[in-house]
Amino acid sequence: VQLQACGGGLVQAGGSLRLSCTASGRTFSNYAMGWFRLAPGKERELVAAISWSGSNTYHVDSVKGRFTISRDNAKKQVYLQMNSLKPEDTAVYYCAAKTDYSGSYNFFIDDEEYDYWGQGTQVTVSS
């Protein structure tokens, strides 16, 4: 599967952005999805994850209450709604797909479990 992320940009602190990731290729509902970010001088971290069905989600503590992950399997898209953005949210954001044929409703938080990665989209939050 190929992943294409978009929606990043420059925004002032307190503003909002909505990232989208569009998948092409195989059946999108066979994949659990995640959004990761990589900031300068820091390790890549998971921001949010979602099960194949969308029924289960995970958000890292630093974004809880501000970011929301969701998906539309018919459109083969996963989204990250980011509100109340802070300068520390500045990073390149990546979507990733984890093959999941188990039929479970799991999300995945370990980046090593993900099989496919998008190219990244830059989010810059000014103070």
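## Exercises on cysteines and backbone angles

Cys 6 is partly exposed, with 43% relative accessible area. Keep that residue in mind as you work through this predicted model.

**Exercise 1.** Work out which cysteines form a disulfide, and say how far apart their sulfur atoms are.

*Solution.* Start with a search of the whole structure, which finds 1 disulfide. A pair counts when its sulfur atoms lie within 2.5 Å. Cys 21 and Cys 95 meet that cut-off, with sulfur atoms 2.1 Å apart. Next, look at the torsion: the angle about the S-S bond is 60°, and the link of Cys 21 and Cys 95 is right-handed. Now place the two residues. Cys 21 belongs to strand 3 (residues 17-24) and Cys 95 to strand 9, so the disulfide ties together parts 74 residues apart in sequence. Finally, check accessibility: both Cys 21 and Cys 95 are buried.

**Exercise 2.** Decide where Cys 6 stands with respect to disulfides, and find the nearest cysteine sulfur.

*Solution.* The nearest cysteine sulfur to Cys 6 is that of Cys 21, 8.4 Å away. The cut-off for a disulfide is 2.5 Å. Cys 6 is in no disulfide. As for accessibility, recall that Cys 6 is partly exposed at 43%.

**Exercise 3.** Examine the phi angles of Lys 76 and Ser 84, then locate both residues.

*Solution.* Begin with the general expectation: most residues other than glycine have a negative phi. Lys 76 is not a glycine, yet its phi is positive, at about 60°. Ser 84, also not a glycine, has a positive phi of about 50°. Then locate them. Lys 76 sits in the loop between strand 7 (67-72) and strand 8 (77-82), while Ser 84 is in the loop between strand 8 and strand 9 (91-99). For the last step, take the accessibilities: Lys 76 counts as partly exposed at 27%, and Ser 84 is partly exposed at 41%.

**Exercise 4.** Describe the surroundings of Gln 77, beginning with its place in the fold.

*Solution.* First, assign the element: Gln 77 is in strand 8. Second, look for a side-chain partner. The side chains of Gln 77 and Tyr 79 are joined by a polar contact of 2.6 Å. Third, set aside neighbours within four places in sequence; Gln 77 is then in contact with Cys 21, Thr 22, Phe 28, Arg 71 and Asp 72. One name on that list should look familiar: Cys 21 is a partner in the disulfide from the opening exercise.

Conventions
Residues are numbered from 1 along each chain as its sequence is written. This is a predicted model: local features need pLDDT of at least 70, side-chain atom pairs count only at pLDDT 80 or more; totals for chains, interfaces and linings use all residues. Side-chain values use heavy atoms; hydrogens and water are left out. Helices (H or I, at least four residues) and strands (E, at least two) are DSSP runs, numbered from the N terminus. Buried means under 20% relative accessible area, exposed over 50%, partly exposed in between (1.4 Å probe, protein chains only). A polar contact is a pair of N or O atoms within 3.5 Å; within protein, one must be able to donate a hydrogen and the other to accept it, and residues adjacent in sequence count only if both atoms are side-chain atoms. Contact means heavy atoms within 4.5 Å.
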